[in-house]
Amino acid sequence: MNITGKTVQLGVIGNPVSHSISPQLHNTMIEKMQLDYTYSAYRVREGEVGKALEGMRALNIRGLNVTIPHKITAHDLCDEVDPFAKKMGACNTLVNTNGVIKGYNTDGPGFVRALAYKGFCVKGKSVAILGAGGAAAGVGMALAKNGAAKIAIVNRTREKAEALARKINRYYPNVAAAAEGFDGADFLINTTSVGMNSNDCPAESLTGLKSDAVVCDIVYCPRETALLKMAKSAGYRTVGGIGMLINQAVIAFELFTGKEVDNETVNYLYRMTELENSIVLTGFMGTGKTTVGKRLCALTGAQFIDTDALIEEKEGMSIPKIFEKHGEKYFRDVESEVIKSLAGYKGAVISTGGGAVIRRDNIDALRACGAKVFCLCADIERVYKNIGDNTSSRPLLNGKTIDEARVLLESRKDAYANCDWAIDVTECEKEQTADKILELYMGRD
Ligand code: NAP
């Protein structure tokens with residue numbers, strides 16, 4: 001990325017905002033489409049959205065996405081509002097043209113595009129929506145706008161379902177919207193937060209849906225929610241929540257830049273946010289495998305697996321205790337067993353202990369199933385800086401001088417060189433390391 005005085009600024013405001021994957025999505029579109037833009041995340045506290053909009057004008061920031069909790073305030077404060085966003089009373093996209101800020105809402109349209117991407121169309125169809133919160137309103141209104149014939153809202157709090165059905169009817173009187181069950185529906189869409197980072201399922205059964213119905217979840221973490229698993233095993237076609245997240249960004253990007261995002265770029269975003277094969281992180285203690293691994297999981301929705309945690313669970317004791325009680329060879333044998341049991345995992349981020357690659361078999365077993373192995377490398381001074389005085393939980397460093405630790409690190413150099421990629425993290429922030437790994441995994445370098 002070559003930022004110059006002419007580079008156009010884009011970004012996202014929210015609180016919190018550091019977990020947002022919008023910067024990755026937008027910067028990838030910028031790079032793929034070779035545009036002179038850059039996209040950053042800005043934390044804006046409650047009560048400061050007005051100041052952020054002033055800043056947008058003063059700094060000539062071209063576009064901002066708006067995330068929780070500012071979508072309604074942004075709608076109220078921008079200069080002009082697109083008619084669809086006005087119906088929603090909330091904006092997730094702001095476009096600045098010569099100091100005039102116009103608000104849009106791309107969440108619901110993003111869902112409709114995600115359906116289209118998978119080959120589905122709601123025109124004339126009967127849809128059941130689980131939930132009646134902000135996302136349900138966006139999805140419901142967009143479905144009504146795109147010609148759904150009937151929309152049933154099913155929600156824990158029935159009054160909210162009734163209020164949303166009334167709202168849809170007010171703007172789209174041709175759509176039969178009501179707060180009722182999902183019998184005979186062509187589409188079932190979960191818009192509740194049930195299933196987010198859990199195995200909870202928002203529906204007890206799918207009885208009543210048409211036999212060729214499509215079951216959708218806008219929850220995207222995990223990528224395959226309990227609802228989608230249940231639907232798949234009952235033979236229904238499914239659409240996961242990542243598509244809505246990608247396509248709301250794509251529509252916003254088109255509004256910012258005035259350029260259509262090509263199919264190849266959209267396909268790339270889908271692949272980027274769903275790992276086909278596992279990413280294995282290895283490297284010496286204190287190189288940030290856990291932090292980088294968790295960031296990669298936030299970007300890709302992958303499951304995070306820490307082999308040291310699995311070893312401790314299996315043995316029922318901490319790693320220092322295993323070393324103390326049984327010695328290093330025993331530990332390495334258990335480690336090999338655990339690593340080999342993970343070989344068949346697809347699309348996970350697997351963090352291994354620093355010594356796991358000493359046994360080449362371990363890595364070969366993972367690689368044979370398509371995993372890509374990344375070694376995080378740092379000099380011993382950086383390692384000690386990262387782990388501080390906390391060497392007691394690391395049996396191979398405990399009581400050692402830094403020079404002895406350096407010898408241990410050197411002794412592993414050949415094993416680390418066997419990995420697919422070596423990433424020098426000595427001067428690198430953890431976020432940058434995760435981005436770099438994803439780029440290499442995707443074959444961008
Ligand atoms: P919201 O406004 O807070 O609404 C939450 C909805 O979930 C309400 O209908 C609520 O029912 C229901 N709910 C919560 N806990 C429940 C439970 N234990 N049992 C039954 N129903 C429950 O939230 P939102 O903004 O609509 O977001 C909802 C979900 O959509 C979140 O997980 C969010 O991450 C996801 N989302 C995804 C995308 C995407 O791009 N894929 C975009 C936006 C949102 P009550 O009315 O009874 O409280």
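## An exposed turn at Gln34

Gln34 is exposed, at a relative accessible area of 71%. This is a residue of a predicted model. Gln34 sits in the loop that runs between α1 and β2 (37–43). Its phi is positive, near 50°, although Gln34 is not a glycine. Most residues other than glycine have a negative phi.

Asn60 has a positive phi too, near 55°, and is likewise a residue other than glycine. Its loop lies between α2 (49–58) and β3 (63–66). Asn60 counts as exposed, with 53% relative accessibility. The cut-off for exposed is over 50%.

## Cis peptide bonds

Most peptide bonds are trans. Which residues does a cis bond join in the loop region that holds Pro16? The bond runs from Asn15 to Pro16, and its omega is near 5°. Pro16 has its place in the loop between β1 (8–14) and α1 (22–32).

A cis peptide bond also joins Cys221 and Pro222. Omega there is about 5°. Pro222 belongs to the loop between β11 (214–217) and α8 (226–233).

## Helix α8

The helix after that loop is α8. In α8, the residues Ala226, Leu227, Leu228 and Ala231 are buried. What covers them? The cover includes β10 (187–190), β11 and β12 (237–239). Gly235 follows α8, and its phi is positive, near 90°.

## The ligand site

Twenty residues surround the ligand: of these 20, Ala132, Ala135, Asn155, Thr157 and Ile218 come nearest. The shell divides into nine nonpolar, nine polar and two charged residues.

Backbone atoms reach the ligand at several points. At Ala132, a backbone N or O atom lies 2.9 Å from a ligand oxygen atom. At Gly241, a backbone N or O atom is 3.0 Å from a ligand nitrogen atom. At Leu245, the partner is an oxygen atom of the ligand, and the distance from a backbone N or O atom is 3.2 Å. How much of the ligand does the protein bury? Taken alone, the ligand exposes 920 Å², and the protein buries 71% of that. Two or more shell residues come from each of α6 (134–145) and α9 (242–257).

## Helix α12 and its ends

Helix α12 spans residues 307–315, and its buried residues are Thr307, Ile311 and Glu315. Why do these residues share one side of the helix? They cover an arc of only 65° around the axis, so they lie on the same side of α12. Their cover includes β14 (303–306), α13 (319–326), α14 (328–341) and β15 (348–351).

Which residue caps the N-terminal end of α12? Asp306 does, with a side-chain oxygen 3.0 Å from the backbone nitrogen of Asp308. After α12 comes Gly316. The phi of Gly316 is positive, near 70°.

## Ser351 in strand β15

Strand β15 is among the elements that cover the buried residues of α12. Ser351 is found in this strand, β15. Is Ser351 buried or exposed? Ser351 counts as buried, at 2% relative accessibility. The cut-off for buried is under 20%.

Leaving out residues up to four places away in sequence, Ser351 touches Leu281, Lys289, Thr290, Phe304, Ile305, Asp306 and Thr307. Two of these residues appear above. Asp306 caps α12, and Thr307 is one of the buried residues of that helix.

## Lys87 and a distant partner

Lys87 is found in helix α4, residues 83–88. Lys87 is partly exposed, with a relative accessible area of 22%. That value falls between the cut-offs of 20% for buried and 50% for exposed.

Which residues does Lys87 touch, not counting residues up to four places away in sequence? The contacts are Met141, Lys167, Tyr171 and Tyr172. Lys167 is 80 residues from Lys87 in sequence. In space, the two are 8.8 Å apart, C-alpha to C-alpha. Met141 falls in α6, the run 134–145 that also gives residues to the ligand shell.

Technical notes: Residues are numbered from 1 along each chain as its sequence is written. Side-chain values use heavy atoms; hydrogens and water are left out. A residue is near a molecule or strand if one of its heavy atoms lies within 4 Å of it. A polar contact is a pair of N or O atoms within 3.5 Å; within protein, one must be able to donate a hydrogen and the other to accept it, and residues adjacent in sequence count only if both atoms are side-chain atoms. Accessible areas come from the Shrake-Rupley method with a 1.4 Å probe; for residues, only the protein chains shown count as cover. Helices (H or I, at least four residues) and strands (E, at least two) are DSSP runs, numbered from the N terminus. Ala, Val, Leu, Ile, Met, Phe, Trp, Tyr, Cys and Pro count as nonpolar, Asp, Glu, Lys and Arg as charged, and the others, Gly among them, as polar. Buried means under 20% relative accessible area, exposed over 50%, partly exposed in between (1.4 Å probe, protein chains only). The arc is that of the directions from the helix axis to the C-beta atoms. Contact means heavy atoms within 4.5 Å.
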